[in-house]
Amino acid sequence: RGVIAETLIYQLLEPRFRNAINASRPDRVKKGEWTAKVETFLELLVRESGLVQPDGDGTYVLPHLTFEEYLAACHLAEAEDVELAYACWREGGDRWREPLLLLMGCLRLQTKHKQAFDWLELLLDAVVGRDEKAAAQIQRDAVLAAACYRELGGRRYLQDRWHVSKVDALEQRLQAALLRVMEAPEPETLLPLRVEAGEALGRLGDPRYPIEERHWQGELGHLSHSFGRPEGYFCAVPEGRYAIGGWEPGKAQAMLQLAPFWVARFPITVAQYAPFVIEGYAPGAARWWVPEGWAWRQKNKRAAPAFWGRAEYNGANQPVVGVTWYETTAYCAWLTERLADALPDGYVLRLPTEAEWETAASFDGSGERRPYPWGSEAPTEERAIYDAAKLGVPAPVGCCTSGAAACGAMDLSGNVWELCASDYRAYPAGAHDPQKDLTDGQAPWRGGAYYENSTNVRCGARVRDHLGGGSLNYGFRLVLAPRLAHMS
């Protein structure tokens, strides 16, 4: 709580009342009249507003934290000293987050554009004054800078007051700083901060995955063949015979031969799916859907995935959710058609089979497999997005770098269940066979989700649904792999 001495209250307020009284009737001021006015004013504050309350021993308290924070923001705005504001943040930590966000409102209201810009630049600098910031502090500052930028009004506000090139440069610095938080977080940069960084990066434009056709072509033109060392969006998995199933004693296991393939680093995001919503659900889009899927779309009058319009699920870099087997296979056909000239011969973009998904998630590159993508250590919220994170919604993709699989793919455990192309009932021997029954097929989903417990983030965890089943925790991931038999 804010504690203030009664003597300081009088010291601060008496000059203001004296000046006000002198200005209104300079010839008729009684000695000490301003002191009485302060006393009356203080009584009114206590009795009528409750903004201050006596605390004994000649002190008063500010019982309303928001009011105290607002006053602190007003003081910092009046001081016009960004290094003073930064000292409060560096020394006081998160206790000062809300006052500094309120400061943005004060600066905007008072049209102190330069001070606002200087504040954002200071947060993004690696030094303050003559002192170099610690690495963890740099990442905390980047996330606060993003929150302050949004509170200020972002590009819409600043571009009316600064040259567009200056705003572009600021956003590029902010984007780069947030990207470092996501891709190389410091040990002190825990999940809540990474999630906030991811959300901010999504609003600015997340460069970690392709959206436009030219970006997809760029990724396909620079495929790495080295296991565990992806150079971009696609992670290589070599040809070989892999053990599938048999995760529990007495359960069947099969050795399946897989051709070399590449698995996407992340699940498909809302931003990546958005162009297909425009084209893939239109009246002339039937060629991308299996006939049963197009009939399902028309019967259900589907114009987008379930939950597409709900704000908590439409962050640009959140995994798209609510998708069904019919919709995801149509998306893959649409994307394959758009990128046909850039694809390796005989390869398409499609859903992984269960065998491919399980191999990408569990194999360590030396012929062994692991119960979790990261190894054998128990799940934590630093390794996967599951119920321990208490998010209630999918996180931006790639928040848990320490949970990456050996091949380099992320989020294979947790965040959203991921759909596979094969039939649930054919596992494990038929785990690499394509889904054949398109009217009564059973789609397999792997990897667990944000609301699941730790049991379901194992590489061996599986659930099933019908081909038209979509849920707010269902997503999907692509592989670049040989065309399956039913696709020929």
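## A walk through the predicted chain

In strand S6, Phe234 and Ala236 point one way while Cys235 and Val237 point the other way, and all of them are buried, where buried means under 20% relative accessible area, exposed over 50% and partly exposed in between, with a 1.4 Å probe and protein chains only. Strands here (E, at least two residues) and helices (H or I, at least four residues) are DSSP runs numbered from the N terminus. The model is a predicted one, in which local features need pLDDT of at least 70 and side-chain atom pairs count only at pLDDT 80 or more, whereas totals for chains, interfaces and linings use all residues. Residues are numbered from 1 along each chain as its sequence is written, and side-chain values use heavy atoms, with hydrogens and water left out.

Strand S6 belongs to an open sheet of four strands, ordered S6-S9-S15-S10 with antiparallel pairing, and two strands are taken to pair if DSSP finds at least two bridges between them. Strand S6 (234–237) and strand S10 (347–350) stand at the edges with a single partner strand each, so one side of each is left without a neighbour in the sheet. On average, neighbouring strands of this sheet are turned by 35° against each other, direction ignored; such angles run from 0 to 180 degrees between N-to-C directions, and the axes are lines fitted to C-alpha atoms, for helices over the stretch in contact. Strands of a sheet pair through backbone hydrogen bonds, either parallel or antiparallel. At one edge, S6 and S9 pair in the antiparallel sense over four bridges, and Val237 stands opposite Phe261 in S9. At the other edge, four bridges join S10 to strand S15 (residues 479–482), again in the antiparallel sense, with Val348 opposite Ala481 in S15. Helix H15 (residues 354–362) lies across S6, strand S9 (261–264), S10 and S15, and runs at about 75° to S9.

Strand S7 (residues 240–245) and S8 run antiparallel and are joined by six bridges. Along strand S8 (residues 253–258) the side chains alternate, with Ala254, Leu256 and Leu258 pointing to one face and buried, while Gln253, Met255 and Gln257 point to the other face and are not buried. Gln253 has a relative accessible area of 46%, and is therefore partly exposed. The bridge partner of Gly245 in S8 is Gln253. Beyond its neighbours within four places in sequence, Gln253 is in contact with Ala243, Ile244, Gly245, Gly246, Arg369 and Pro428, contact meaning heavy atoms within 4.5 Å. Gln253 and Pro210, by comparison, are 43 residues apart in sequence and 36 Å apart in space, C-alpha to C-alpha.

Another open sheet, of three strands, has the order S1-S3-S2 with antiparallel pairing. Its edge strands are strand S1 (2–5) and strand S2 (53–56), each of which pairs on one side only, and neighbouring strands of this sheet are turned by 40° against each other on average, direction ignored. Three bridges hold the antiparallel pairing of S2 with strand S3 (residues 59–62), and Gly56 stands opposite Thr59 in S3.

Turning to the helices, the axes of helix H3 (residues 65–79) and helix H4 (residues 82–92) come within 8 Å and cross at roughly 145°. His75, Leu76 and Ala79 of H3 make this contact with Leu84, Ala85 and Cys88 of H4. The residues of the contact divide into five nonpolar, one polar and no charged, where Ala, Val, Leu, Ile, Met, Phe, Trp, Tyr, Cys and Pro count as nonpolar, Asp, Glu, Lys and Arg as charged, and the others, Gly among them, as polar.

In H9, the buried residues include Val167, Leu170, Glu171 and Leu174, and the buried residues of this helix pack against helix H6 (113–124), helix H7 (135–152), helix H8 (154–158) and helix H10 (191–204). In H6, the buried residues include Phe117, Trp119 and Leu120.

Seen as a whole, the chain has 15 helices and 15 strands, and 49% of its 488 residues count as buried. Among the contacts with a separation of 6 or more, 70% are between residues 24 or more positions apart. The C-alpha atoms fill a box of roughly 100 × 50 × 50 Å, taken along the principal axes.
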